[in-house]
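Hi,

Here's the structure I said I'd pass on. Have a look, and my notes are underneath.

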Amino acid sequence: MSSENRQILTTDGIPLEVSLKKAEKKNKIRAFLLVAPLLLFIIITYVFPIGDMLMRSVDDKMVTEMLPKTYKSMEKWDGKELPPEEVFKAFYIDFQKLIEEEREGKLSTQLNYTKNGFKSIIKKLRRKSKSFEEGNYKEQIMAVHRRWADVEYWRAIKRRAPAYTYQKYLKGMDMYENEKGDIVNVAEDRRIHRILWLRTLEIAFFVTVFCFLMAYPIAHLLATLPMKYSNLLMICVLLPFWTSLLVRTASWMILLQQQGIVNDFFVTIGLVTDDNRVEMMYNKTGSYVAMTQILLPFMVLPLYSVMKTISPSLMRAGKSLGGTPFVAFWKVYFPLTIPGIGAGCLLVFILAIGYYITPALVGGASGTLISNQIAFHMKSTLDWSFASAMGLMLLSGVLVIYWLYNKLVGIDNIKLG
Amino acid sequence: MSVKNDFVKFDKVDKSYDGKILVVKDLQLDIAEGEFVTMLGPSGSGKTTCLMMLAGFETPTNGEIYLDGNAISSIPPHKRGIGMVFQNYALFPHMTVYENLAFPLRVRKIPKDEADKKIDKALSMVSLQGFAQRMPGQLSGGQQQRVAVARSLVFDPQLVLMDEPLGALDKNLRESMQYEIKHIHENIGVTVVYVTHDQSEALTMSNRIAVFNDGKVQQLSSPDELYEKPVNSFVAEFIGENNTFEGEVLEISGEKCKIKLSSAEILANPISVKEKGERTTVSIRPERALINPTDKMDNIHNGKIEEVIYHGDHTRVRINLLGNSEFILKVPNSSSNLDIKLGNEIKIGWNSDDARALDPK
């Protein structure tokens, strides 16, 4: 007899499951109503904006919408030779409409991303097209500039036909799709993003290692000291949180600069000569030092919360059973702190990988990270779609690390506090 | 091979944590080889501190501890070779039972097949065969406890320390574990120093009991002697139940003395009183005083029954006797013919031998 066909009934004869659902329905509705405002708030202020921003990384509708007739007429064009007259005519009509709406500048910017040289010829076309006569637009447009007679440029226009694109992602990895549709690397001297990605990983990795090495003894001390002292020490650990990130970074600038306190000290004790001061800022060293200090509490806290739960009698047991203090630590204490190490390292690494203000201020040219590049495209070039593409790449990188961690250690083995 | 009477020796050991208060005062204690000695006392009496000094986790402020004739103060814990069972078992939660037991053998570099034999033996000793691959978290409290005992014995130490190992278990389990530990001790003949604040546990298990109070050993003797012949009023109070009278010595002559209470006079056995006029506390065990004494007892007084509490195998009767309204009697249920009713006046009698005149409280 299987349990499926043996339904349990309540004393009133209603199936138990139905009765249970009915009894819990009210509670469920109430619970949902309680979280509903927050849920709504998160959807409106978090999910939508981020989703929209991420969509921009693949969104390429702008050109598609600016040249609707052109793309329609281009459908039959195989792209081998110059397009037929009807394409030129459609392009002329679309272009006139853009001039009316004063959007031809945007078109030139967009097309220029795809192929250099569009800006000037579109400007020229705008001037000359006022005096165009009806009919035979192919001849007239080609006469404006010799590039208009170059099939490469028309192919470039056609490449922008799809409403969605992955070009920004290729660009983020220093690659692009060439005229033949192959994905190739950009010229060696123009590859900047790969260096930035690698540097971001490198700095995040080493900052995590430094944080771990420094936080482990502190957390251990915090967990084993009597309450009176551990509270004071805890305040010292948390003190940086009470100061603004900018102030903390600025104080590192005061400390690390060439005429700064640390260098003065080195000169005083004779470690370096006065005209040979160490460069500790505007390079990787600056990023390492400042980021390690700022992210240290994020490592200390998870470690502390795990260490606090480890009974001191475990170490004693290890020693009384004959383990040297090191063996007792390595075989007993250390394995038990792994959940805290995992949590701390993951936290610090993820924070470090997206760090922005500190590297911008003390990192200089060789200490900036990918997030500085994202900010640069957000603020200066206004290429938001590229910025959001890199943002998404960063996010997926973090997710990959998370996945790897889950494979290696197991995510339920993590303990944040 | 002769048995050493001072296998473990505390020699004039003092211990202070803060330089102001002595937690252990001038401790002088010898433990023989193969003995089961319990340190019993209320919390804060210094018994656990003594154990920790023996294990090497605390250092004596003064004095020296000897293990098998060697001073051990300068030997670190991991070289002392002392097995230890901790209050909350201290099993390594990330290791299986097997790995927990293998830990002391691995650090001693014992070959695997030999280690496996020892582990099997230790597990069968605590009847936990087949549990080797479990994690400690999957075991019940009693099983964890037994693993802890097995782990402390697996590397054949000469001395095992147990720090309130049964404190976290429920009553029935605690009792059965008491017998189990006692039997293990009897079978393998290891020396055990056991710390507890539970007097019945101490009485059940030990060869000798050291009663601690205020950093000092109040009495060190076998369980029966401790119960029957406490040497001071603290021990009398702490071990078992006790009826007391406060009074003053009127006369003293050899084995007997006369004590003047507030309203009467009683005869008692002078233990720690020497001369007339001394204040004293007289202690009588509840089962030594009888209702309606038939044989000739030298103390017979009238009392009024204030409370009757049924306890199954016996009945506890609270009597107002000679100004003490907390006088407790234990009446076995077989003597149901006695007329025990609330408010009745009855005769109570005891031998002066069982009324021990101790130091005043």
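Below is what turned up, going from the cores to the chain contact and then one helix.

Housekeeping: this is a predicted model, so local features need pLDDT of at least 70 and side-chain atom pairs count only at pLDDT 80 or more, while totals for chains, interfaces and linings use all residues. Residues are numbered from 1 along each chain as its sequence is written, and chains are lettered from A and ligands numbered from 1 in the order in which they are written.

The largest nonpolar core (buried Ala, Val, Leu, Ile, Met, Phe, Trp, Tyr and Cys joined through C-beta atoms within 7 Å; buried is 20 or more other C-beta atoms within 10 Å of a residue's own, with C-beta atoms placed from the backbone) has 97 residues. Ala150(B) is one of the members touching the most others. Beyond four places in sequence, Ala150(B) is in contact (C-beta atoms within 7 Å) with residues including Leu101(B) and Met125(B). A second, separate core holds 47 residues, among them Cys211(A) and Val348(A).

Where the chains meet, chain B gives 19 residues and chain A 15. On the chain B side, α2(B) supplies the largest share, three residues (helices are DSSP runs of H or I, at least four residues, numbered from the N terminus).

Then there's α1(A), residues 16-56: its end C-alpha atoms are only 51 Å apart, short of the 60 Å of a straight helix (1.5 Å times one less than its number of residues). α1(A) bends by about 40 degrees at Ala36(A) (the angle between axes fitted to the seven residues ending there and the seven starting there), with Pro37(A) following within four residues. Of the 41 residues in α1(A), the count of buried ones is zero.

Cheers

How values were computed:
A residue is buried if 20 or more other C-beta atoms lie within 10 Å of its own, exposed if 12 or fewer, and partly exposed in between; C-beta atoms are placed from the backbone. Two residues are in contact if their C-beta atoms, placed from the backbone, lie within 7 Å. Helices (H or I, at least four residues) and strands (E, at least two) are DSSP runs, numbered from the N terminus.
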